[in-house]
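Morning, everyone. Please bring the structure up on your screens. I'll walk you through it in a few short stops.

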Amino acid sequence: MSAPAITAQPCGKPPRAKWRRRSVLPGFGLSLGYTLVYLSLIVLLPLAGLAISSASLGWNEFWAIAFDPRVSAALQLSFGAAMLAAIVNTVFGVLIAWVLVRYRFPGRRWLDAAVDLPFALPTAVAGIALATLYAPNGVFGAFLENVLGVKVGFSALGVVFALMFVGLPFVVRTVQPVLEEIDRETEEVSATLGAGRFRTVTRVILPAMFPAILTGFALSFARGVGEYGSVIFIANNLPFESEIAPLLIVIKLDEHNYAGATAIATIMLVIAFVMLFVINLLQAWSRKWFGHD
Amino acid sequence: MQVRVANVSKNYAGMAALADVSLTVGSGELVALLGPSGSGKTTLLRTIAGLETPDTGIVYFNDRDASEKRIQDRGVGFVFQHYALFRHMRVMDNIAFGLRARRKNRPKESDIRQKVMELLDLVQLSGLEKRFPSQLSGGQRQRVALARALAIEPSVLLLDEPFGALDARVRKDLRRWLRELHERTGHTTLFVTHDQEEALELADRVVVMNKGQIEQSATPDEIYDTPATPFVFSFIGESSVIPVTIGNGRATLDERVIDLDVGALPDGPAQLYLRPEDVEMVTDGGPGIPGLVVSTRRIGGMRRVTIECGLARHRIEFDASAELSIQNSQRVQVRIIGGRVYGAGQEGYATEKLAASATADFKWAKAEGWLDR
């Protein structure tokens, strides 16, 4: 049943733009205006400054910095380690969220609170703690190096470990509420229809969680790309081996090479933006594919 | 397939959800589990499905202990009140889910497709197979859920308040449709409802439950005409209760004899349960019980009259012809022509509203002086 559309326009006002629907939520103009101004001031303006100051370099110099072997090694490490850490975090973050949501056990609330610690801790503190543990003479570090022959502290692997630490809560906290929303009954129905536990998890639960998992992954990844404090303590920061791009920026700044620093920053920005954009597209696609809207 | 529940008990946190329940559902029967919320009807249904494990007692499917099988292999089609559709799957994939989940003799994909189309036709949703559940109305979703349950060719169909979330009109249509579907497919079917009208209209047999126990299990006619307990009497249909005294095999109200069979009840206090049609107004000047009209309401072709009668001013509701002019505070005479007498000590059904207000915390109202005490 459709009520006749209200076509009368208030006199004297120009007709509304087509995309502006009459809504019960007023204040669209005000809130959008505020959003744009705020985003511009807080996010876009500094980024524009970055682009402008790196533009002062000129193309040739810019490309020289971009394809400098040390810079590209650092970029590779930054994005590679962030990607690896985000993947690991996604797997274990989902697992932790699952345990926290699905099971009731003594100490659950403590565990739940502990997940947030990497949020709250200054990352430098985390870096020092990790470095002490995983250094070749640390508790885990000695064991890993002597028994398994794996060097974690003061190596590229250490970077991944640090990023895993800081990125974990992002996955847990995005997946947890979605998992809580998942209806017990859909699982029960799946079981009565003859699906085993594995099939229920892979066909019923995970697809419903997929957009949230992707968000958690993106956040963890983005955090990893930008992370600085914890990494510089656990990695030994050797060029071509365990030097991350943000550190290289700081080094350039120390050398008063501001143009070089902004050039690296700009490159990071572009890569990060493209990757996050792709993840967003993937997410929009998955939401559509899985019928979330 | 026959389903037999033998002496099943189930406790939740010290509360008995099911207390020694036994029930047999014959092959092809359509049975309603009827009761107020918290009566254990849903727990019983879930226990039969295998979604709950009974503390004691056994559920038999065709004389085989159902607990020997995993829930996946029991072959029960379960339909939830809120459909529990897989939101990320299209209608087609929802219905095909059970067939694709089969380990042994999984049909070919083309056969699955054909079967899904047949089921969609059966539930009258042809052409909607590409939709997502969010693009369907409530009634359509419930039919998808039903088709999904039927797809696995279940030996028992279990429906938990299947029409509870739908509006009255759709509910009525679906009820009739489900009855027809049952006649065509002949699945042994149990459904849970708190709607007595639904239970009486739809089921071959109605099982009335209260406090984790079965009060009566009988045909709709028997449930309405010869309720076994005051609970069944007051839960089904409209009823009034007045206390009577039994002596010498007769029931009396304020020493007026009421001409009713009291069976083998012992002498002493008892309760007389009356339906509106069990009382009629005396218009011919004959003997009757005097009463004072306290309210009248027009209900369809009849006038529902509430009177107070007896020394303790018990309220009785009855139907009078709409042509009779009856005013409030009018004195009338009524005659009791039916009803059932139950001995003392048996409880009737207190409506949820009354039960809620008796336990509610009215601190604020007391503080504000709205309520005394």
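Start with one term. Two strands pair if DSSP finds at least two bridges between them. Keep that in mind for the next example, and remember throughout that this model is predicted.

Go to chain B. Look at strand β16, residues 289-299, and strand β19, residues 331-336. How many bridges join β16 and β19 of chain B? Four, and the pairing is antiparallel. Four meets the cut-off of at least two bridges. Here is one position to click on. B:Ile289 has B:Val334 in β19(B) as its bridge partner.

Now zoom out to the sheet around that pair. Five strands of chain B form an open sheet. Read the order with me: β15-β19-β16-β17-β18. The pairing is antiparallel. Which strands stand at the edges? They are β15 (279-281) and β18 (314-321) of chain B. Each has a single partner strand, so one side of each is left without a neighbour in the sheet. There is a twist to note, too. On average, neighbouring strands in this sheet are turned by 45° against each other, ignoring direction.

Stay in chain B, but go back to the start of the chain. Strand β1 covers residues 3-12. What does β1 of chain B pair with? One partner is strand β4, residues 56-61, joined to β1 by five bridges. These two run antiparallel. Find B:Ala6, and you will see B:Ile58 of β4(B) opposite.

Strand β2 of chain B, residues 15-25, also pairs with β1(B). That pairing is antiparallel, over seven bridges. B:Asn11 has its bridge partner in β2(B), namely B:Ala16. β1(B) and β2(B) make a hairpin with two residues between the strands. Check the backbone there: B:Ala13 takes a positive phi near 45°.

One general point while we are on strands. In a regular strand, side chains alternate between the two faces of the sheet.

Next, helices. Still chain B. Helix α2 is residues 91-100, and helix α3 is residues 109-122. Their axes come within 10 Å and cross at roughly 125°. That angle makes α2(B) oblique to α3(B). Is the crossing left-handed or right-handed? The crossing of α2(B) and α3(B) is right-handed. Who touches whom? From α2(B) we have B:Met92, B:Ile95, B:Ala96, B:Leu99 and B:Arg100. They meet B:Ile112, B:Lys115, B:Val116 and B:Leu119 in α3(B). By class, that contact has seven nonpolar residues, two charged and no polar ones.

Switch to chain A for another helix pair. Helix α9 runs over 184-192, and helix α10 over 197-226. The axes come within 10 Å, and the crossing is at roughly 140°. So α9(A) is oblique to α10(A). α9(A) passes α10(A) in a right-handed crossing. On the α9(A) side, the contact uses A:Thr186, A:Glu187, A:Ser190 and A:Ala191. On the α10(A) side, look for A:Thr200, A:Val204 and A:Ile205. These residues divide into three nonpolar, three polar and one charged.

Last stop: the domains of chain A. Domain 1 is assigned to 27-56, and domain 2 to 58-289. How many Å separate their centres? Taken over C-alpha atoms, 27 Å. Six residues of domain 1 and eight residues of domain 2 of chain A make the contact. On the domain 1 side, that is three nonpolar, three polar and no charged residues.

That's my tour. Questions, please.

Notes
Residues numbered from 1 in each chain as written. Chains lettered and ligands numbered in written order. Predicted model: local features only at pLDDT ≥ 70, side-chain atom pairs only at ≥ 80, totals over all residues. Domains from an automatic or database assignment. Contact = placed C-beta atoms within 7 Å. Nonpolar A, V, L, I, M, F, W, Y, C, P; charged D, E, K, R; others polar. Axes fitted to C-alpha atoms, helices over the stretch in contact; angles between N-to-C directions. Parallel < 35°, antiparallel > 145°, perpendicular 65-115°, else oblique. Left-handed = near helix turned anticlockwise from the far one by under 90°.
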